[in-house]
Amino acid sequence: MTSQSKQAEMLSGAAMVIRALADEGVEYVYGYPGGAVLHIYDALFQQTQVKHVLVRHEQAATHMADAYARATGKAGVVLVTSGPGATNAVTGIATAYMDSIPMVVLTGQVMSHLIGEDAFQETDMLGISRPIVKHNMSVRRPEDIPALIRKAFYIAQSGRPGPVVLDIPKDMTIPSQTFAYDYPSEVKLRSYQPKLKGHSGQIKKAVTALLAAKRPIIYAGGGVIMGRASDELTELAQLLNVPVTNTLMGLGAYPGDDKQFVGMLGMHGSYEANQTMHHADVILAVGARFDDRVTNNTKKFCPDATIIHIDVDPASISKTVNAHIPIVGLVQPVLEEMLGLVKQKKKKLDEAALSSWWQQINAWRAVHGGRYDTTTSQIKPQHVIEMVSKITKGNAFVCSDVGQHQMFAAQYYKFNKPNRWINSGGLGTMGFGLPAAMGIKLNFPDDDVVCVTGEGSIQMNIQELSTCKQYGLGVKIINLNNGYLGMVKQWQDMNYESRYASSYMDSLPDFIKLAEAYGHVGIRVTKPEELEPALERAFALKDQLVFLDIHIDPKEHVYPMQIPGGAMNELFLSKTERT
C-alpha cells in the first residue's frame, strides 16, 4: 500500500533522496561531499527540512549517526561519495553492525554504465559491505528511490537492528530527469518477517523455572536498551528481588546505583557479578549474545545454570552457549508477558534460599568492591571517572573510545538511565568517542555530553575538533593521558615481561595548544588536588568544548580481569592477587 495523492509530484532522483529522508522524519544527515553525490548535495542545499553536518572524515560521519541511533533508537543517516568516501565509512558501518545499531548509509557510485570498468573513484561497495551490513541495495531506476529508502529504514530499525547500505549511481540522480514521487506508507517483504511476540508456552516455562530458582540472576545486554525494555526489566527484577548484571552494552538498562545491581560482568566485570553468574542455578539472559568477552571459556561457563535466553534474533540463541529455554521475540513484549504471569501466579521465590543467596553476593561484594589504591600522589583514572559521575550526578551522556579508559568509565560511572552509555563494544573502534559525543550533543544540546578517551584514541579522529567549532558542539573531552596505549601496555606487563613494543606514545602534541588552535578551551591537570576544580570549571562552560588533558598514573591496570581460558569466576583482582 502506498500513500495517495491527487497528482504525483515530479522530482529528480536527487530530490527524491532528500524528500524521502524528510518523509522518514530525518533531521540530520552526516556526511562529506564528492563528485558522485553532488546532485544529491545540490538537492540538499535547495531545501531546509533536512540539515547536513559536514564532518572532516567520513568515519566520523558514521560514528555521529551511530551515536544518535544508540541514544534514540532511530536510524542515523550517512551520506558519502563513491570510492574512498565510501571505504572511509567501512569502519563505522562495521562498528554499528557488531553492536546491532540501526543506520542507513547512502553511498555515491559512478555512472551505471561505468560500473565494473575501474572508473575514477569506483569501488564495489555492495561487495565490500556485504559481511558488515544487515542488508545492502543498489539503485537501478530513479523512480525506485523512495521505495528503496523506505525499505532501508524498515530493515535497519526492525527485528535485530543493523546498518543498511544503499548504493546510488550518479546517473540515478540527474537533476534534469524527473519522475513521479510516491513514498510508501508500509513495507511488506515476503522474505523478511521478524518475529515480534514470544512463544507463550516458552514464556510460561521460563517463569516456572525462574520462580523455582534458588540462586537466580538476570543478565541483561544491549538488546534491552535498543528494545526499549528497561522499565519492564527493572520492574521484573524488583518484583522478584533478584540480582541484575549488565553487559558492557547493557549498562543503564538497570539503575547502576540500585542495591540489586551487582555491576558489569565479563572480562573486566565486577568480582561479584562474575561470581554470581558462575554460581547461579537459573540465568535469565535478556537481549544479550553470550559473546566471548562475557563467557570466557564456554566449556566452563556457569556449569550449574538453567539458561533462559530472550532475543529477537533466532541466530543468536544457542550460538555459543546452549539455551535450555529459548524465547525468540522482541524483549519488551516478552518481558511484559512474563511480568503478567508472575503477578498472576502471586508466587514468590523461596525466601530462605533467596536470603542466603543475597548474603553470599554481599560477601563477594566485600572482596573487591571496585577498590583501588588511593594512597598515591598520582591521579588515578578510577578517581577521575568517579568525580565525573559525581559532578554530572550520573545524568550525562558518556561516550568512550576503546581501551583502559573505556573499562574505567564502564566500571566507575553510575549509569542510572538507558541510552546514556555510548561506546563501541563488539568491534572495539578507537576513534569512536569524539564523533559519537558530537552526534549526541548535536541532538541533545541541553545535556552534559562527555567523551572519555586516551591520548591514543583521541588522535584517530582529532580533526573533528574543527567540526565541533563549526557547529558549536560543547562536548567535554576527558583525556586520560598515561603516555601509552594503556590496554596494550597492560597486556605487555602481564604477558610479555613489560616489553613495550610500539605501545609508548612518543611525540605527543600539546593537547592544550591543539584545542586552543581549533578555538576551544584546554585545561591540563597533573595533580589530584587540581582535578575537581578543573572538572567543575569545564562543566560550568556549558556551550564550549573543553579538552581536559588529565595526566594519570601510567602503571595503573584495569581490574578485575578474567584469567584467559578460565571460568567466569577465575579472575585477577590486582597485580598480585588472583582467585
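## A tour from a pocket to two parallel sheets

The second largest pocket has a volume of about 480 Å³, and since this is a predicted model, everything on the tour is to be read as computed from predicted coordinates.

**Stop one: the pocket.** Select Gly263, Ser270, Glu272, Gln411 and Lys414, which of the 29 residues lining the second largest pocket lie nearest its centre. Once the whole lining is shown, colour its residues by class, and they will divide into 12 nonpolar, 11 polar and 6 charged. Then turn to the secondary structure around the second largest pocket: β11 (261-264), α11 (271-279) and α16 (404-412) each supply at least two residues of the lining. Which of the elements gives the most to this lining? It is β11, with 4 residues.

**Stop two: the sheet that contains β11.** Keep β11 selected and add its partners, and you will have an open sheet of 6 strands with parallel pairing, in the order β11-β10-β9-β12-β13-β14. The strand you started from, β11, is an edge strand, as is β14 (325-328), and each of these pairs on one side only. Viewed from one strand to the next, the twist averages 15°. At the β14 end, select strand β13 (residues 306-311), which pairs with β14 in the parallel sense over 4 bridges; within this region, His309 stands opposite Pro326 in β14. Now bring up helix α10 (residues 230-240), which packs on the sheet and touches β9 (216-220), β10 (244-246) and β12 (282-286). The direction of α10 makes about 170° with that of β9.

**Stop three: the sheet that contains β2.** Move next to another open sheet of 6 strands, again with parallel pairing, whose order is β3-β2-β4-β5-β7-β6. Where are its edges? They are at β3 (51-54) and β6 (135-138), each of which pairs on one side only. The twist in this sheet averages 20° from one strand to the next. At the β3 edge, select strand β2 (residues 28-32), which pairs with β3 in the parallel sense over 4 bridges, and label Val29, which stands opposite His52 in β3. To finish, add helix α3 (residues 58-72), which packs on this sheet and touches β2, β3, β4 (76-80) and β5 (103-109). If you draw the two axes, the direction of α3 makes about 165° with that of β4.

How values were computed:
Residues numbered from 1 in each chain as written. Predicted model: local features only at pLDDT ≥ 70, side-chain atom pairs only at ≥ 80, totals over all residues. Heavy atoms only, no water. 1 Å grid on protein atoms, 1.4 Å probe; cavity = no way out; pocket = protein on both sides within 12 Å on 5 of 7 lines; lining within 4 Å. Points joined across faces, edges and corners; volume = space filled by probe spheres on them. Nonpolar A, V, L, I, M, F, W, Y, C, P; charged D, E, K, R; others polar. Pairing = 2+ DSSP bridges. Axes fitted to C-alpha atoms, helices over the stretch in contact; angles between N-to-C directions. Contact = heavy atoms within 4.5 Å.
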